[in-house]
Amino acid sequence: MTFSEAVSRTPSIRGHLKSGLKALRKGDRSRVSCDGRRLRGSIDIDNALRDLYPNDARWDYAVGVRQSHQDFVVWLEVHPASSLHVDEVLSKMRWLSQWLGTSAPELRGLPRRLCWVATGRISFSRGSPQARRLAQAGLRFPVKHAHLEGTLEEFG
């Protein structure tokens with residue numbers, strides 16, 4: 001299944017797919033790069049689901065990327081990256097997992113990578129307890145810029 005097909009089969013975000021990285025807020029777009037030929041579109045998940053989940057800590061974006069004849073989803077969270085923000089991002093990650101399981105099974109079925117993109121300085125180290133908590137939850141260490149050109153295994 002393609003990213004576009006999965007989005008069209010998800011009623012709560014149908015109609016929110018934008019070409020390229022156009023769904024990302026202008027300031028966030030500069031934090032992400034990808035060969036445009038591989039991009040399959042993007043969705044501002046936070047904005048698309050604001051009315052349905054007004055009090056929830058929603059994930060920011062979904063970006064479809066084509067690699068080796070298969071689409072995958074990069075779930076981007078653009079957020080400050082201090083040790084104080086780890087719980088917030090993990091909470092958003094739990095929300096995303098629950099939403100995918102209950103409301104977006106087609107998107108959940110696509111290969112995926114979760115990525116925390118730091119909005120500023122990353123103020124905890126790769127060997128810190130916070131980094132270990134992220135790794136245990138399946139989330140890689142935050143990056144300052146997300147390069148989406150690599151394979152699913154290389155991305156990070």
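Start with the whole protein chain and switch on its surface: the accessible area comes to about 7900 Å², and carbon and sulfur atoms hold 47% of it. Keep in mind that you are looking at a predicted model.

Stay with the full chain and colour by burial. Buried residues account for 47% of the 156 residues. Now show just the C-alpha atoms; along the principal axes they fill a box of roughly 40 × 35 × 30 Å. The radius of gyration is 15 Å, which agrees with the value near 15 Å that a compact globule of 156 residues would have.

Next, change to a cartoon view. You will find six helices and six strands, and walking along the sequence gives the order α-α-β-β-α-β-β-α-α-β-α-β. A contact map is a good companion here: of the contacts between residues at least 6 apart in sequence, 64% join residues at least 24 apart.

Now for a closer stop. Select residues 86-103, helix α4, together with residues 129-137, helix α6. How do these two helices pack? Their axes lie 11 Å apart, at an angle of about 5 degrees. Angles under 35 degrees count as roughly parallel, so α4 is roughly parallel to α6.

Finally, show side chains where the two helices touch. On α4, pick Val86, Asp87, Leu90 and Met93; on α6, pick Gln130, Arg133, Leu134 and Ala137. What kinds of residues make up this contact of α4 with α6? Colour them by type and you get five nonpolar, one polar and two charged.

Conventions: Residues are numbered from 1 along each chain as its sequence is written. This is a predicted model: local features need pLDDT of at least 70, side-chain atom pairs count only at pLDDT 80 or more; totals for chains, interfaces and linings use all residues. Side-chain values use heavy atoms; hydrogens and water are left out. Axes are lines fitted to C-alpha atoms, for helices over the stretch in contact, and angles run from 0 to 180 degrees between N-to-C directions. Helices (H or I, at least four residues) and strands (E, at least two) are DSSP runs, numbered from the N terminus. Angles under 35 degrees count as roughly parallel, over 145 as roughly antiparallel, 65 to 115 as roughly perpendicular and the rest as oblique. Contact means heavy atoms within 4.5 Å. Ala, Val, Leu, Ile, Met, Phe, Trp, Tyr, Cys and Pro count as nonpolar, Asp, Glu, Lys and Arg as charged, and the others, Gly among them, as polar. The radius of gyration is taken over C-alpha atoms; the globule rule is 2.2 Å times the number of residues to the power 0.38. Buried means under 20% relative accessible area, exposed over 50%, partly exposed in between (1.4 Å probe, protein chains only). Accessible areas come from the Shrake-Rupley method with a 1.4 Å probe; for residues, only the protein chains shown count as cover.
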